[in-house]
Amino acid sequence: MIEFKNVSLTYPNGHQGLKNVNLKLNDGEFIVVVGLSGAGKSTLIRSINQLVKPTEGELLIDGENTLKYKEKQLRKLRTRIGMIFQNYNLVKRTSVLRNVLSGRLGHTGTFRSLLGLFSQADVKLALESLDRVGIVEKAYIRADQLSGGQQQRVSIARALTQKPKVILADEPVASLDPPTSHIVMKDLKKINREDNITTIVNLHFIDMAMEYADRIIGMRGGEVVFDGPVSSVTEKTFEEIYGRKIKEDDVLGGDEK
Ligand SMILES: Nc1ncnc2c1ncn2[C@@H]1O[C@H](COP(=O)(O)OP(=O)(O)OP(=O)(O)O)[C@@H](O)[C@H]1O
């Protein structure tokens, strides 16, 4: 379980990214974080693996306050947390398989991974991960030859080869068209269900949030202003989170091809 206890985060310029956040995120949940641009969604997600570090409070993972971790413990923690970014963060000029194998970096010694000496077990795992997101036939192609949706699936496969306990996805579909967005969200959901990986996703579109979330967390101005199961969410909930009426732009539309 991931627990935020009175967590606040003030950026060096004085801006308060998180204000007194209290949350318990249970193992295996599929959580979608929603809110307007600048609400603090990325800050919330990124504080879990300390890409940004909270300045107050406690952030417990399986009972341990990770804000007290030293560099070595933090590195170990990060090996168990997969991260998916809007822009995929692949090494574009190298093969898909190499990109996916880089998910093993924290597990394999640095020297061996620098030389590209991955074990057969790692290669098998990487190929299995690519198969699970439906693109194993692309393993030996250069990453920059793939479409955006395929690149995002490579990044999901990379996260999977980490054998993570948690996946954080920061606007994973913001650069994709509606049909491809649904494919990527379905992959994330399938993996969450099959492997019981706690999955926390930032999304802009309310229809996507409603379709895929078990639980929705709403943020505004760095604060959690809503937290509840998707079944309890109505249009009014979104209007309260956004502080305004819902607009056409808030809905992605479309479905899988
Ligand atoms: N490194 C930083 N230094 C100062 N302020 C920052 C920094 N990163 C983010 N902020 C500010 O903190 C607030 C929350 O940003 P955050 O990126 O978490 O929002 P968000 O809800 O994810 O928005 P978006 O959907 O636009 O990504 C914003 O006002 C942002 O400008």
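**Figure 1. Overall view of the protein chain in the predicted model.** Of the 257 residues of the protein chain, 40% are classed as buried. The secondary structure consists of nine helices and 10 strands. Along the principal axes, the C-alpha atoms occupy a box of roughly 50 × 45 × 35 Å. A compact globule of 257 residues would have a radius of gyration near 18 Å, and the value for the protein chain is 18 Å, so the two agree. Among contacts with a separation of 6 or more, 69% join residues 24 or more positions apart.

**Figure 2. Close-up of strand β3, residues 30-34.** Five of the five residues in β3 are buried, so the strand is largely enclosed by the rest of the structure. The covering extends to both faces of β3. Phe30, Val32 and Val34 are buried on one side, and Ile31 and Val33 are buried on the other.

**Figure 3. Pairing of β3 with strands β8 and β9.** Strand β8 covers residues 198-202 and pairs with β3 in the parallel sense, over four bridges. Within this pairing, valine 32 has valine 201 of β8 as its bridge partner. Strand β9, residues 215-220, also runs parallel to β3 and is joined to it by four bridges. Here valine 34 stands opposite glycine 218 of β9.

**Figure 4. The largest nonpolar core, with 65 residues.** In soluble globular proteins, nonpolar side chains tend to be buried together. The members of this core that touch the most other members are Ile31, Val32, Val33, Val34, Val100, Leu168 and Ala209. Ile31, Val32, Val33 and Val34 lie in strand β3, which spans residues 30-34.

**Figure 5. Surroundings of valine 100.** Valine 100 is one of the residues of the largest nonpolar core that touch the most other members. Apart from its neighbours within four places in sequence, valine 100 is in contact with Ala126, Ser129, Leu130, Val154, Ala157, Arg158 and Thr161.

**Figure 6. The shell of residues around the ligand.** The ligand is surrounded by Tyr11, Asn13, His15, Gly17, Gly35, Ser37, Gly38, Ala39, Gly40, Lys41, Ser42 and Thr43. By class, the shell holds nine polar, two nonpolar and one charged residues. Helix α1, residues 41-48, gives the most to the shell, contributing three residues.

Notes:
Residues are numbered from 1 along each chain as its sequence is written. This is a predicted model: local features need pLDDT of at least 70, side-chain atom pairs count only at pLDDT 80 or more; totals for chains, interfaces and linings use all residues. A residue is buried if 20 or more other C-beta atoms lie within 10 Å of its own, exposed if 12 or fewer, and partly exposed in between; C-beta atoms are placed from the backbone. Helices (H or I, at least four residues) and strands (E, at least two) are DSSP runs, numbered from the N terminus. Two strands pair if DSSP finds at least two bridges between them. The radius of gyration is taken over C-alpha atoms; the globule rule is 2.2 Å times the number of residues to the power 0.38. Two residues are in contact if their C-beta atoms, placed from the backbone, lie within 7 Å. A nonpolar core is a set of buried Ala, Val, Leu, Ile, Met, Phe, Trp, Tyr and Cys residues joined through C-beta atoms within 7 Å. A residue is near a molecule or strand if its C-beta atom, placed from the backbone, lies within 6 Å of it. Ala, Val, Leu, Ile, Met, Phe, Trp, Tyr, Cys and Pro count as nonpolar, Asp, Glu, Lys and Arg as charged, and the others, Gly among them, as polar.
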